[in-house]
Amino acid sequence: MLLGWAVLGIVPVAGHAADSLLDTTLEDAKLYFTAPLRWDEQDWIYFGGALVAIGAAHSFDERVRDHFATGSKAILNGGEDKNSLRDAAPTVALIAGTGLYAAFIDDRNGYREAWSLIEAGAFSGVTAEALGYATGRERPDATTSPNKWGKGGDSFPSLHTTVAFAVGTVFAESGNDEYRWIRRIIGYGVASATGYVRVSENVHWLSDSVAGSALGIATARFVLNRQDAENHAALQFQPVKNGWLVSYSMRTH
């Protein structure tokens, strides 16, 4: 995530613009972490479906581990994650690439998209870390039992998968529709590959990655909805006789 945050260095913000960006981010954070208080029926259905999917995946955790945990991967090493940076690289590349391209063509929408990717990754990552600490689940390379909860581990949900799906989904569904299919292949491809690798490397249970994907997609939906709201609202200043006319407009569907 450090490389992802470094993208900020190429986004030209200063003075009131920087203050506005900070204020907007703080407001987004407040709305994100209090979102369950405002969930509607569709949100609760999504949450219920996610719980069912996680439960179903949990029933396969042992069998999936047995399939992948062969040879050196079968050795219990106390949950040491040697490939953490490697597995995070594709997601970081999405963020950095978007920011660098926006800077290269000096595209305001590109800067906004890069910030949305960072925001999605940060919000989802903080949530995943908090859940990992709260659940304390042991990783499959630290135990052969998928039911070691509250043991000081950080397996559930998969942080890498969570952030990859948050960033990948925002990337896939942002921009214009001309290259939507390419964006979706790249965004969802990076996310799905990350989730698969984390399970195949025996550093996460299947249900960890399923939970991470659900959390990441939910976070991306929040960021995209906020982005859409900002794109449909505008504050305008128009010179008139003896002063200025200030107007606020919002497009409704």
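The legends below describe close-up views of a predicted model.

**Figure 1. Overview of the chain and its order of helices and strands.**
The chain of this predicted model contains nine helices and two strands, and when it is read along the sequence the elements follow the pattern α-α-α-α-α-α-α-α-α-β-β. Of the 253 residues in the chain, 39% are buried. The views that follow take up a pocket, a cavity, two helices and several loop residues, with residue names given so that each can be found in the structure above.

**Figure 2. The second largest pocket and the residues that line it.**
This pocket has a volume of about 850 Å³, and 25 residues form its lining, with Ala35, Pro36, Trp39, Leu215 and Ala218 lying nearest its centre. The elements that each contribute two or more residues to this lining are α2 (15-33), α3 (41-58), α6 (108-135) and α9 (206-231), and among these elements α9 gives the most, with eight residues. Sorted by class, the lining of the second largest pocket comprises 19 nonpolar residues, together with three polar and three charged ones.

**Figure 3. Tyr46 of helix α3 and its separation from Ala218.**
Tyr46 belongs to helix α3, and it counts as partly exposed because its relative accessibility is 28%, a value that falls between the limits of 20% for buried and 50% for exposed residues. The C-alpha atoms of Tyr46 and Ala218 are separated by 8.6 Å, although the two residues are 172 residues apart along the chain. Ala218 is also one of the residues that lie nearest the centre of the second largest pocket, and helix α3, in which Tyr46 is found, is among the elements that give two or more residues to the lining of that pocket.

**Figure 4. Helix α5, its bend at Pro90 and the residue that follows it.**
Helix α5 (residues 84-105) has 22 residues and reaches 32 Å from its first C-alpha to its last, which is close to the 32 Å expected at 1.5 Å a residue. At Pro90 the helix α5 bends by about 40 degrees. The buried residues of α5 are Asp87, Thr91, Val92, Leu94, Ile95, Thr98, Gly99 and Ala102. An α-helix has 3.6 residues a turn, so residues three or four places apart point the same way. Helix α5 is followed by Asp106, which is found in the loop between α5 and α6 and has a positive phi near 50 degrees although Asp106 is a residue other than glycine. Asp106 counts as exposed because its relative accessibility is 56%.

**Figure 5. Thr127 and its contact with the backbone of Phe123 in helix α6.**
Thr127 is found in helix α6, and because its relative accessibility is 17% it counts as buried, the limit for that class being under 20%. A polar atom of the Thr127 side chain lies 2.9 Å from the backbone oxygen of Phe123.

**Figure 6. Helix α7 with the cis peptide bond in the loop between α6 and α7.**
Phe156 and Pro157 are joined by a cis peptide bond, with omega at about -10 degrees, and Pro157 lies in the loop between α6 and α7. Most residues other than glycine have a negative phi, and most peptide bonds are trans. The 15 residues of helix α7 (residues 159-173) should span 21 Å at 1.5 Å a residue, and its end C-alpha atoms are indeed 21 Å apart. Helix α7 is mostly covered, since 13 of its 15 residues are buried. Just after α7, Gly175 takes a positive phi of about 75 degrees.

**Figure 7. The largest cavity and the buried residue Asn202.**
The count comes to one cavity of 30 Å³ or more, and the largest cavity has a volume of about 30 Å³. Its lining is made up of Asp61, Val64, Arg65, Val199, Asn202, His204, Trp205 and Leu206, to which helix α4 (residues 61-68) gives the most, with three residues. By class, the residues lining the largest cavity divide into four nonpolar, two polar and two charged. Among these lining residues, Asn202 is found in the loop between α8 (180-200) and α9, and Asn202 has a positive phi of about 65 degrees although it is not a glycine. Asn202 counts as buried because its relative accessible area is 1%.

Terms used: Residues numbered from 1 in each chain as written. Predicted model: local features only at pLDDT ≥ 70, side-chain atom pairs only at ≥ 80, totals over all residues. Heavy atoms only, no water. 1 Å grid on protein atoms, 1.4 Å probe; cavity = no way out; pocket = protein on both sides within 12 Å on 5 of 7 lines; lining within 4 Å. Points joined across faces, edges and corners; volume = space filled by probe spheres on them. Helix = DSSP H or I, 4+ residues; strand = E, 2+ residues; numbered from the N terminus. Nonpolar A, V, L, I, M, F, W, Y, C, P; charged D, E, K, R; others polar. Expected span 1.5 Å × (residues − 1). Bend = angle between axes of the 7 residues up to and from the residue. Buried < 20%, exposed > 50% of the residue type's maximum accessible area, 1.4 Å probe, protein only. Polar contact = N/O pair within 3.5 Å; in protein donor to acceptor, adjacent residues only side chain to side chain.
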